[in-house]
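Here are three short exercises to help you find your way around. Have a go at each one before you read its solution.

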Amino acid sequence: MRGVPLQNPYLPYPVRIDKITTETTDKNLKTFRFVFLNPEDEKKFAYTPGQFAELSVPGKGEIPIGIASSPTEKGFVAFTVNKVGLVTNYMHNMKEGEIMGIRGPLGNWYPWEEMEGKNIVIVGGGFAFTTLRSSIVYMIQPENRARFKDISVVYGARNPGLLLYRDELAEWEKRDDINMHITVDGTDDPDWKYNVGFVPAITEKKITSADNAIAIVCGPPIMIKFTQPVLEKLGFPPERIILSLEMRMKCGIGICGRCNIGDKYVCKDGPVFSLAKLKQMPGEY
Amino acid sequence: MSDWEPKITTFLCHWCSYGAADLAGVSRLQYPHNFRVIRVPCSGRVSPKFILAAFRHGADGVWVSG
Amino acid sequence: MIEYTAIIRDTAKKLLKDGKVDVFIGYKKGTVPMMNEPVVISDPEKVDTLHWDSLCGLNLCNYLTKRKDKIGIIANGCNSRNIVTHILENQISREQLYIVGIPCTGVIDHRAVLRAVGNKEVLDVQEQGDKFTVSGNGFSETFDKAKFLRTNCAVCTHRNPVIYDEMVASPVKEQEGVDPFEDVKKIEAMDPEKKWGFFTKMIERCLRCYACRNSCPLCYCPTCFVDESKPQWVGKSIDPTDTMTFHIMRAYHCAGRCTDCGACERVCPVGIPMRQFTKKLNKDALEYFSWEAGLNPDARPPLDVYKPDDYNDFVK
Amino acid sequence: MLKGLLEHIGIEPGRLNFSWISSAEATKFVDVAQQVAASVKALGPARYLIKKRAEVA
Amino acid sequence: MTNKIFTKEEWTKALQGLSDSYKVFVPVKDGDFHTFKPMNATKAPDFDFQNTRLSARSLVYPQAERMFEYSLDENDPEANIIKETPKDYSPQAIVGIRPCDAHGFKIVKPNFDNKEYRDPWWIQHFESTVLVGLGCNQPCSTCFCASVGGGPFNKDVLDVLIYDLGANFMVSGLTEKGEAFLSKAQGGKAADDAAVKQAEALATEAAKKVKADVPTDKLKDKVINDLFAAPFWQDVGFACLNCGTCTYLCPTCWCFDIQDEVLGKQGDRIRNWDSCMFPLFTLHGSGHNPRDQKFQRVRQRFMHKLKYYVDKYQGGVQCSGCGRCVRYCPVNIDIRQVAELMNNY
């Protein structure tokens with residue numbers, strides 16, 4: 001028999017919940033920080049921003065979630081989880097110190113090699129900002145910052161209370177090596193000091209050039225739908241518009257067949273696709 | 001087997017039988033203790049799924065009372 | 001039977017041409033003997049694919065659910081009763097429908113035919129009145145149709161449609177003196193242990209493919225209880241308890257609604273006679289409420305109404 | 001009718017009980033409770049439809 | 001290559017002997033159809049059949065399979081840690097599998113065993129299995145194995161091939177695994193030239209009988225999105241009931257679902273076959289469903305088998321031509337016709 005024992009790609013690494021942060025005022029989004037029970041698992045879990053992992057709650061199931069921490073942050077991995085289904089509801093009731101599993105890293109990542117030496121435009125909306133946070137943290141590290149030119153970020157949420165990572169956003173806002181454009185769809189807060197308006201509109205206003213630039217877009221379908229023409233108008237060719245897809249997944253490793261679109265598996269060949277690639281695939285997402 | 005006591009899942013209507021059970025308690029009437037009572041707003045709330053679920057979880061009997 | 005085909009085609013053509021209906025739902029001849037495919041036709045020139053024979057054993061009412069257009073549909077006795085049930089349950093409105101009634105003399109049980117020819121491959125079936133001939137490699141046999149009816153058709157007492165706009169032929173004589181519940185009574189006479197054994201054995205092969213559920217016109221829920229995850233009522237593996245729970249609930253959801261059309265048994269890939277569940281309910285509905293589903297578009301179903309004379313002794 | 005079906009499948013009569021009791025009928029409640037408990041007790045522990053660990057490969 | 005002749009009685013006896021060293025699965029008549037069951041004394045194997053109703057895939061890839069187990073007991077120091085379930089991978093033999101079904105294993109292999117990920121359960125089950133094929137003397141009218149790279153006596157993937165010569169079986173070992181299996185079989189005698197000739201003649205004769213010629217040659221040159229947008233999908237999918245019959249009977253479907261089941265403090269993670277025909281298959285947590293209409297799901301099944309797979313692995317279509325979906329589809333949706341539509345589009 002060949003290759004036995006095999007490393008089992010379905011077996012999650014046991015982790016302990018180290019810290020839970022409630023991100024939004026509606027309390028539907030929490031960030032979970034995990035620490036690996038076996039320190040060597042952290043090395044095996046070497047990831048790149050843009051990838052995701054399966055969070056595995058014994059007795060409930062597994063959910064694919066984008067990794068919100070950056071590989072430059074050591075000692076833990078973090079995920080921001082929206083409360084929607086069976087597993088996420090359960091997770092929102094879990095406490096620090098409880099044990100669960102994570103399995104990954106899975107999928108591909110943002111095209112970091114291609115992005116080197118380019119201006120980076122990040123457009124994010126709502127709670128899809130997680131892997132974008134990972135990317136931003138990764139890029140603004142001193143050892144990485146020089147690899148990229150200007151970094152512009154447009155990030156919007158429905159209202160100020162629904163913005164993720166508010167402390168970090170404020171910090172980034174103060175830096176001069178990153179252009180932050182934070183926006184909300186609407187607010188009744190008279191002290192709101194950032195933009196008001198939908199993400200596509202702010203993108204159109206704030207992003208002026210597509211020269212030597214690459215755009216990463218991640219957000220709800222409706223935002224993507226309206227941002228895409230804006231970017232195209234700005235002169236981004238489809239190869240330089242990068243999107244991250246969502247899909248129902250189970251195995252995460254291209255075997256169970258669920259997330260199949262065209263000849264691709266979103267979990268293995270994605271979730272990151274360029275618009276150019278997506279245009280060659282059936283629109284079933 | 002003689003000391004075996006069954007577990008009976010019981011769905012009681014809040015307005016009828018639950019009240020009756022309450023009154024029985026208040027009146028200090030004796031009745032068997034095999035019941036695991038689930039209070040429902042109306043016995044119409046009891047879906048057949050609940051009854052099957054009770055049996056699946058190992059209930060020896062199910063009693064629905066409106 | 002075969003002559004119905006020509007009439008169906010003519011009627012469909014006329015209806016589509018006159019704009020009385022947008023689409024016409026019927027059967028077309030299958031690519032495999034003893035199998036026919038439901039088809040929807042919107043072009044009056046394409047009506048020649050329509051077909052009818054004694055092997056059209058599905059329930060076309062299934063294809064009506066929540067449609068918005070005007071539909072012409074063929075319906076025999078049981079199908080028409082399901083249309084009535086659909087109307088009662090607001091799945092379709094009567095005004096949308098143009099029902100072409102088919103007096104039905106029963107559907108041939110393709111499994112029985114295969115059994116009779118020793119499970120050899122059948123390549124061709126020809127019907128001649130109340131007889132039919134099956135042939136394959138090196139054999140050809142003629143059978144009496146009456147002896148090869150599906151078990152639900154053999155005891156059917158509602159062969160003629162109960163609701164229609166026109167008929168393709170004059171009504172056939174209804175069967176008399178059949179006891180639809182013979183097998184149910186047999187099971188009723190068993191003791192609990194035997195009953196449980198009987199049903200466990202029966203569903204042992206179930207694959208959980210849900211063909212029975214999906215072929216049933218009564219099962220139109222957007223999310224079936226087996227698919228619900230909050231809470232999850234049933235496990236999704238082929239565990240015997242889970243399978244049994246599925247079958248009990250599926251059957252029970254058809255209580256007082258089932259017309260015994262036999263589509264569930266017809267489609268089962270492993271041949272489970274799951275009508276044994278629903279037939280018991282039909283029998284009870286008839287005994288306790290004098291109710292047979294889908295006979296009257298104006299009567300509310302028994303589990304819908306409160307009556308002081310309920311059979312249950314606890315309702316007082 | 002569910003009772004009928006379950007009994008048809010082999011769940012013993014007496015396992016599933018229905019009753020109708022007003023909130024004032026405490027004595028009736030006690031009577032019925034005794035009947036139900038007795039009937040289930042007479043049947044012994046449930047044998048069927050109990051979910052066990054999935055029988056899978 | 002060993003060729004041995006067994007009378008049919010001898011062969012059954014030999015298989016009984018082999019049950020000591022292998023779990024031997026044989027076709028057994030169960031009601032109206034044949035199904036693979038472990039060899040035992042009570043039910044005799046029956047090799048007189050067209051094909052088993054269900055493909056043999058479940059013997060390598062069970063419909064429901066326990067992946068992991070865990071304890072939810074707070075007092076257990078290992079609580080909530082997911083652990084592998086020990087498995088029995090002792091050698092097994094599937095005797096009487098048709099070449100098309102064996103071919104199915106070849107088709108699904110790149111999915112379970114590729115350079116990125118290797119599915120431990122499938123691979124270990126597969127590697128511990130000896131495939132003892134039974135050639136098809138009398139292919140069905142719905143068979144089209146020859147159109148998709150197989151044939152009624154196709155030898156690839158098989159370890160042993162049985163030729164039914166009427167009164168006798170000629171059994172020939174094809175691989176090392178197969179030879180090892182045969183060497184343990186008691187009885188039989190070496191086949192003479194006449195028998196070998198007769199067997200070859202049978203194979204040639206059978207190949208001629210596979211009539212259905214399903215065109216798949218042009219599929220690889222099509223553009224995915226063109227086929228995807230083709231006008232015929234609504235019509236093809238109209239009758240579909242969205243049951244899982246086609247996908248569950250298919251020897252080449254592999255999709256599965258992962259479920260956690262808990263009983264008291266004991267939890268299991270189980271994988272179950274799933275089907276792209278079910279609406280739930282692609283339902284997102286958000287409620288969005290990219291394939292919420294049934295024609296889309298029908299399209300997915302055919303596109304996956306006849307186009308996506310072709311493009312992804314460059315090795316032909318994901319179909320072994322066994323014809324089960326054609327014979328048992330309750331509404332007679334015929335993959336042969338769909339293949340033709342797609343190929344000629």
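**Exercise 1.** Work out how strands β1(B) and β2(B) run relative to each other, parallel or antiparallel, and how the chain gets from one to the other.

*Solution.* Keep in mind that you're looking at a predicted model. Start with β1(B), residues 8–13, and β2(B), residues 35–40: six bridges join them, and the two strands run parallel. For one concrete pair, pick T10(B), whose bridge partner in β2(B) is V37(B). Now trace the chain between the strands: it leaves β1(B), passes through helix α1 of chain B (residues 17–26) and arrives at β2(B). That gives a β-α-β crossover, and its hand is right-handed.

**Exercise 2.** Describe the side of chain C that touches chain E.

*Solution.* Begin with the head count: chain C puts 32 residues into the contact and chain E puts in 33. Next, look for elements of chain C that give two or more residues: these are β2 (36–41), α3 (110–116), α7 (211–215) and α9 (263–267). The largest share, five residues, comes from β2(C). Finally, sort chain C's side by class, and you get 16 nonpolar, nine polar and seven charged residues.

**Exercise 3.** Explain why helix α3 of chain E counts as largely enclosed.

*Solution.* Go along the helix, residues 120–127, and check burial, which takes 20 or more other C-beta atoms within 10 Å. P120(E), W121(E), W122(E), I123(E), Q124(E) and H125(E) pass the test. That's six of the eight residues, so the rest of the structure largely encloses the helix. What do those buried residues pack against? Their neighbours are β4 (64–71), α2 (99–112) and β7 (129–134) of chain E.

Definitions and conventions
Residues are numbered from 1 along each chain as its sequence is written. Chains are lettered from A and ligands numbered from 1 in the order in which they are written. This is a predicted model: local features need pLDDT of at least 70, side-chain atom pairs count only at pLDDT 80 or more; totals for chains, interfaces and linings use all residues. Two strands pair if DSSP finds at least two bridges between them. Helices (H or I, at least four residues) and strands (E, at least two) are DSSP runs, numbered from the N terminus. A crossover is right-handed if, with the strands pointing away from the viewer, the path from the first strand over the helix to the second runs clockwise. Two residues are in contact if their C-beta atoms, placed from the backbone, lie within 7 Å. Ala, Val, Leu, Ile, Met, Phe, Trp, Tyr, Cys and Pro count as nonpolar, Asp, Glu, Lys and Arg as charged, and the others, Gly among them, as polar. A residue is buried if 20 or more other C-beta atoms lie within 10 Å of its own, exposed if 12 or fewer, and partly exposed in between; C-beta atoms are placed from the backbone.
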